[in-house]
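Biologist: I would like a close look at one part of this model, the largest nonpolar core: which residues belong to it, and which helices supply at least two of them? Please go on to what lies around it.

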Amino acid sequence: MSTIDTAHFRDVLLEERARVVSALAGLRDEHPGSLEDETEEVNASLDSDDLAETASATLGREIDYTLGENSEQVLADIDAALARIEAGTYGTCTNCSKQISVARLEAHPSASLCIDCARKAEGG
Ligand SMILES: [Zn+2]
C-alpha cells in the first residue's frame with residue numbers, strides 16, 4: 001500500500017482554497033448587480049457596433065455566476081478534504097473505504113470518493 005503525501009496535498013488544497021476564496025470575494029466585489037440588469041443593458045444597445053463584445057462580456061458574466069455557485073461547493077469539498085487530512089483519513093474513499101489512487105488525488109485533491117464510487121455517484 002502506497003503512502004499518500006498528505007503534506008503535499010495539504011499545500012495543494014490550501015492553495016486551491018485561497019484561490020477559490022479570492023475568486024468568491026472578487027465575484028461579490030465586481031458584480032453587485034443582478035444578471036437580469038446586465039441582459040437589459042445589452043438589449044438596449046442592440047445597434048451598437050460593439051454588440052458582440054458586450055454579448056461576450058455578458059456570457060462571461062454568466063459563467064462567473066455559475067463559478068460562484070460551484071465555488072461554494074468546491075470550498076466545502078476542500079474543507080472536508082483538509083478535515084480528512086487532520087483526521088488521518090485523507091485518500092480513503094468515504095463510501096467504500098478503499099484507498100483513492102494518488103493519480104486521482106493529484107487530478108482532484110478534494111476527491112472524497114474512489115473512481116468506482118464516483119462513477120456510481122454520477123449515475124454511471
Ligand atoms: Zn469507493
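Modeller: Helices (H or I, at least four residues) and strands (E, at least two) are DSSP runs numbered from the N terminus, and by that rule the chain has five helices and zero strands, in the order α-α-α-α-α. This is a predicted model, in which local features need pLDDT (the predictor's confidence in each residue, from 0 to 100) of at least 70 and side-chain atom pairs count only at 80 or more, while totals for chains, interfaces and linings use all residues. Residues are numbered from 1 along each chain as its sequence is written.

The confidence should be kept in view while reading on: the chain has a mean pLDDT of 81, with 67% of its residues at 70 or more, and among its elements helix α2 (residues 35-44) has the lowest mean, 53, whereas helix α4 (residues 102-107) has the highest, 95.

The core you ask about is a set of buried Ala, Val, Leu, Ile, Met, Phe, Trp, Tyr and Cys residues joined through C-beta atoms within 7 Å. Buried requires 20 or more other C-beta atoms, placed from the backbone, within 10 Å of a residue's own, exposed 12 or fewer, and partly exposed a count in between. Buried residues make up 10% of the 124 residues in the chain, and the largest nonpolar core has nine residues, namely Phe-9, Leu-13, Ile-78, Ala-81, Tyr-90, Ile-100, Leu-105, Ala-111 and Cys-114. Helix α1, which runs over 6-30, and helix α3, over 51-87, each supply at least two residues of this core.

Leu-13 shows how one core member is surrounded, for, once residues up to four places away in sequence are set aside, Leu-13 is in contact (C-beta atoms, placed from the backbone, within 7 Å) with Ile-78, Ala-81, Leu-82, Pro-109 and Ser-110. Ala-81, itself one of the core residues, is also touched by Ser-112, whose other contacts beyond four places in sequence are Ala-80 and Thr-94. Ser-112 sits in the loop between α4 and α5, the latter spanning 115-121, and Ser-112 counts as buried because 20 other C-beta atoms lie within 10 Å. The C-alpha atoms of Ser-112 and Ala-81 are 7.1 Å apart, although 31 residues separate them in sequence. For the chain as a whole, 59% of the contacts between residues at least 6 apart in sequence join residues at least 24 apart.

Two further pairs bring distant parts of the sequence together. Arg-19, in helix α1, is partly exposed because it has 13 C-beta neighbours inside 10 Å, and its C-alpha atom is separated by 9.8 Å from that of Leu-75, 56 residues away along the chain. Glu-69, in helix α3, is exposed because only 10 other C-beta atoms lie within 10 Å, and its C-alpha is 9.2 Å from that of Leu-24, at a sequence separation of 45 residues.

Lastly, the loop between α3 and α4 holds Ser-97, which has a positive phi of about 65 degrees although it is not a glycine, and which counts as exposed because it has 10 C-beta neighbours inside 10 Å.

Terms used: Two residues are in contact if their C-beta atoms, placed from the backbone, lie within 7 Å.
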